[in-house]
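The exercises below are meant to be worked through with the sequence and the model side by side. Please try each task before reading its solution.

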Amino acid sequence: MGYVGSAVAAALAGEGVDVVGIDLDPARVAQLARRRCAFSEPGLPELLYSGLDSGRLRVTTDYGPVSDADVVIIAVGTPVQDTRLVDHYLRAACTELAGRLRRGQLVILKSTVPPGVSRKVVAPLLESGGLTVGEDFGLAFCPERLSEGRALHELRTFPIAVGGWCPDSAAAAAAFWRRTIGTEIIHCTSMESAEMVKLANNWWIDHNIAMANELAKLCAVLDVDVLEVIAAANTIRKGTGNVNILLPSVGVGGSCLTKDPWMVWRAARDRGLDLDTVPVARKVNDSMPGYTVDLIVEELARAGRSLGQAKIAVLGVAFKNNTGDLRATPVLPVVTGLREGGAEVAVFDPLADPAEVAKVFGVTPARTAPEALAGADCIAVLARHDEFAEIDFVALRESMAPSCVIVDGRAYYSREAIDRFRRHGFGYRGIGR
């Protein structure tokens, strides 16, 4: 019942399916029982609570209900450490399931794994209980491809890739998704093919963002606006669509883009193949928090302030806009770099849990935006949630330093907004702008 598991469970319960969510964390189960959702995802809390209130969704730490289920979906975390999969959560879940599986069940793995793990790791562990995959129970891999902030919409509209241990397993998984969520099915010829789908998606995204970030750095030294360049470049048709350069930012974070490319790289390395582009793209994207710190230092210097004399108000500490998720957030190294340089740093994020912010950042977050902005020499907008549209920097201008500068790490302010800032005495600097 982590992020993916909660979204899938809520969506299925919302379609009238009887769902039991199993999580070994008693605090998470107790939290849901109290109708509290740990994830800032539009529509998810309401859908979870509706399922719980109706009885279509139950949550427990007990694996017992597994035996009564027709379909078992595995959505445990699969982190990467030193480019290698850390699979103890997956192994533990499969081991627990093995002794409880019964004939006729279908197991669907949604956790992101390197190619071959479903066949070589998951299947043998599930068979350790005495049943045979493909004969006694089915096994399919169906990658999750959800982006935070749009998870429920994408779950209902994105095609679901299905790769089965055998044709019957694939057919059963396809039928399950059609009957419940009703989405289009993409049939993959093997589980390995389906495993590569998610990895290929995030490999492409990470590379695309790396190009956008280097393009932004070049545009900065050329004194042109990278957003203008990208908007014009993306109008040309190529293949079945348009060129689609993504947007530069303070950096790449979250639980997927920072690890999935390394899964690809390691899968290739273990088979004697070197992939050069993965480490290069990762290096570029990992460099962006440091680049952002340098921009802040440069803009403060223009205003005659050193970093050690400055107060920086950081708005948005999550890894992307419109989520409160702090996993691998690129804002953390920015805040760390600013504090190491002697700056006073105030942080504010209405979507992130204050206790989690204090734990991760070592800074007690401001309760309001005006509290964070008071006396600021620099406003660093590093995740621009929709709620930030209500914050009028101009109206709060007198509470800030006379030479206050706005550093735009992910807000993508319009030219009109930037001109308004400057008319009221703000400096402005963006990534590639």
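Cysteine 188 is buried, with a relative accessible area of 13%. The model is a predicted one, and the exercises start from this cysteine.

**Exercise 1. Cysteines and disulfides**

Determine how many disulfides the model holds, and find which cysteine sulfur is nearest to that of cysteine 188.

Solution. The rule to apply is that a disulfide needs a pair of cysteine sulfur atoms within 2.5 Å. By this rule the count comes to zero disulfides. For cysteine 94, the nearest cysteine sulfur belongs to cysteine 142 and lies 15 Å away, so that cysteine 94 is in no disulfide under the 2.5 Å cut-off. For cysteine 188, the nearest cysteine sulfur is again that of cysteine 142, here at 8.8 Å, and cysteine 188 is likewise in no disulfide. As to exposure, cysteine 94 is buried with a relative accessible area of 0%, and cysteine 188, at 13%, is buried as well.

**Exercise 2. The surroundings of strand E7**

Work out which strands pair with E7, in which sense each pair runs, and whether the faces of E7 are covered or open.

Solution. Begin with strand E6, residues 106-109, which pairs with E7 in the parallel sense over four bridges. Within this pair, isoleucine 108 has alanine 140 of E7 as its bridge partner. The path between the two strands involves helix H5, residues 117-127, and together E6, H5 and E7 make a right-handed β-α-β unit.

Next take strand E8, residues 160-164, which is joined to E7 by two bridges and runs antiparallel to it. Here phenylalanine 141 has glycine 163 of E8 as its bridge partner.

Finally, consider the two faces. In a regular strand the side chains alternate between the two faces of the sheet. In E7, residues 138-141, Gly138 and Ala140 lie on one side while Leu139 and Phe141 lie on the other, and since all of them are buried, both faces of the strand are covered.

**Exercise 3. Residues with a positive phi**

Locate threonine 83 and alanine 328, and decide for each whether it is buried or partly exposed.

Solution. Most residues other than glycine have a negative phi, and most peptide bonds are trans. Threonine 83 has a positive phi, near 70 degrees, and sits in the loop between strand E4 (80-81) and strand E5 (84-85). Its relative accessible area is 17%, and threonine 83 is therefore buried. Alanine 328 also has a positive phi, near 50 degrees, and is found in the loop between strand E12 (311-315) and helix H13 (331-340). With a relative accessible area of 44%, alanine 328 is partly exposed.

**Exercise 4. A nonpolar patch on the surface**

Identify the residues of the nonpolar patch and the helix that gives the largest share of it.

Solution. The patch on the surface is formed by Leu218, Val221, Leu222, Val224 and Val229, which together have about 420 Å² of accessible area. Helix H8, residues 191-222, supplies the largest share, namely three residues. Valine 229 has its place in helix H9, residues 226-233, and with a relative accessible area of 31% this valine is partly exposed.

**Exercise 5. A pair far apart in sequence**

Find how many residues separate tyrosine 413 from threonine 95 in sequence, and what their distance is in space.

Solution. Tyrosine 413 is found in the loop between strand E15 (405-408) and helix H16 (415-423), where it is buried, with a relative accessible area of 9%. Tyrosine 413 and threonine 95 are 318 residues apart in sequence, and from C-alpha to C-alpha they are 50 Å apart in space.

Terms used
Residues numbered from 1 in each chain as written. Predicted model: local features only at pLDDT ≥ 70, side-chain atom pairs only at ≥ 80, totals over all residues. Heavy atoms only, no water. Buried < 20%, exposed > 50% of the residue type's maximum accessible area, 1.4 Å probe, protein only. Pairing = 2+ DSSP bridges. Right-handed = clockwise from strand over helix to strand, strands pointing away. Patch = residues over 30% accessible without salt bridge, like charges linked within 9 Å, V, L, I, M, F, W, Y side chains within 5 Å. Areas by Shrake-Rupley, 256 points an atom, 1.4 Å probe, with all protein chains shown as cover. Salt bridge = Lys/Arg side-chain N within 4 Å of Asp/Glu carboxyl O.
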